[in-house]
Amino acid sequence: MCTLEKRGNLFILTLTGEDRHLFNPDLISSLLKLLSQVKAQATCGSALITQAQGKFFSYGFDLDWAQAAGSEQGAVKRLQQMADLFKPVIATLLSLPMPTIAAITGHAVAAGFTLALSHDYLIMRKDRGILWMPEVDIALTLPDYINALFKEMIGDASVRRDLLLRGLKMKGDEAEKRGVVKAAYDGEAEVREASVCLAENLGKRKWHGEVYAEIRKGLYPQLSAILGLSHKVYAIARL
């Protein structure tokens with residue numbers, strides 16, 4: 001489902017396999033477990049890269065698993081269960097004591113897009129893959145923490161409107177131009193190489209991890225409040 005590799009100060013979390021990497025309770029639990037390991041093993045100079053194998057970064061929540069409940073009420077209950085389980089994943093990413101990078105080499109859809117957007121930096125392919133929030137097309141509302149995430153991570157209201165109220169399928173070139181991703185590259189190898197290079201350069205700054213995490217949480221106060229993340233004050237002189 002997912003693996004964690006440590007290369008020096010870099011943590012590389014990979015959604016494995018050639019499927020759509022759908023978030024059901026099992027995959028969410030595995031993802032949260034590995035992120036907790038990253039947090040526990042963090043040192044000064046650490047950085048995280050999240051990536052995926054195959055043509056999908058993630059296609060979001062496992063709607064087939066939800067519908068397998070056998071009734072509309074059961075499906076709604078399972079959807080809510082996945083949304084509730086996914087919330088701590090976003091909270092953990094927001095509180096990780098290190099820079100985080102999403103290397104998007106395939107389609108990032110719905111909760112998959114949400115996962116990517118929870119990172120500090122997004123790097124994407126130009127030749128394949130879209131960012132897409134299809135909820136308006138499939139008649140699903142968004143959990144409060146996902147609404148807050150998009151509001152605070154994407155500052156341009158017109159971009160949020162196009163993604164959430166039009167269901168725009170955004171390719172790499174447009175995502176870079178409109179400020180959703182840091183950069184877009186021509187192929188998978190280039191995305192992975194750029195992600196490692198960025199992670200290594202950020203790690204060389206040797207920032208204090210807890211201070212980094214607190215500054216990040218302070219940048220997104222509404223999201224942090226909804227996620228139940230407290231904000232601490234650190235005063236560490238390094239001049």
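**Exercise 1. Which residue in β3 does I12 stand opposite?**

Before you start, note that this is a predicted model, where local features need pLDDT of at least 70, side-chain atom pairs count only at pLDDT 80 or more, and totals for chains, interfaces and linings use all residues. Residues are numbered from 1 along each chain as its sequence is written, and side-chain values use heavy atoms, with hydrogens and water left out.

*Solution.*
- Start with the elements: helices (H or I, at least four residues) and strands (E, at least two) are DSSP runs, numbered from the N terminus.
- Next, find the pairing, which takes at least two DSSP bridges between two strands. Strand β3 covers residues 47–52 and pairs with β2 in the parallel sense over six bridges.
- Now read across: I12 stands opposite I49 in β3.

**Exercise 2. Trace what comes before β2 and what links β2 to β3.**

*Solution.*
- Strand β1 (residues 2–7) runs antiparallel to β2, joined by six bridges. Here E5 has I12 as its bridge partner.
- The two strands form a hairpin with two residues between them, and G8 in the turn has a positive phi of about 65 degrees.
- Helix α1 (residues 25–41) completes a right-handed β-α-β unit with β2 and β3. Right-handed means that, with the strands pointing away from the viewer, the path from the first strand over the helix to the second runs clockwise.

**Exercise 3. Work out how β2 (residues 10–15) is covered.**

*Solution.*
- Buried means under 20% relative accessible area, exposed over 50%, and partly exposed in between (1.4 Å probe, protein chains only).
- Six of the six residues in β2 are buried.
- L10, I12 and T14 point one way, while F11, L13 and L15 point the other way.
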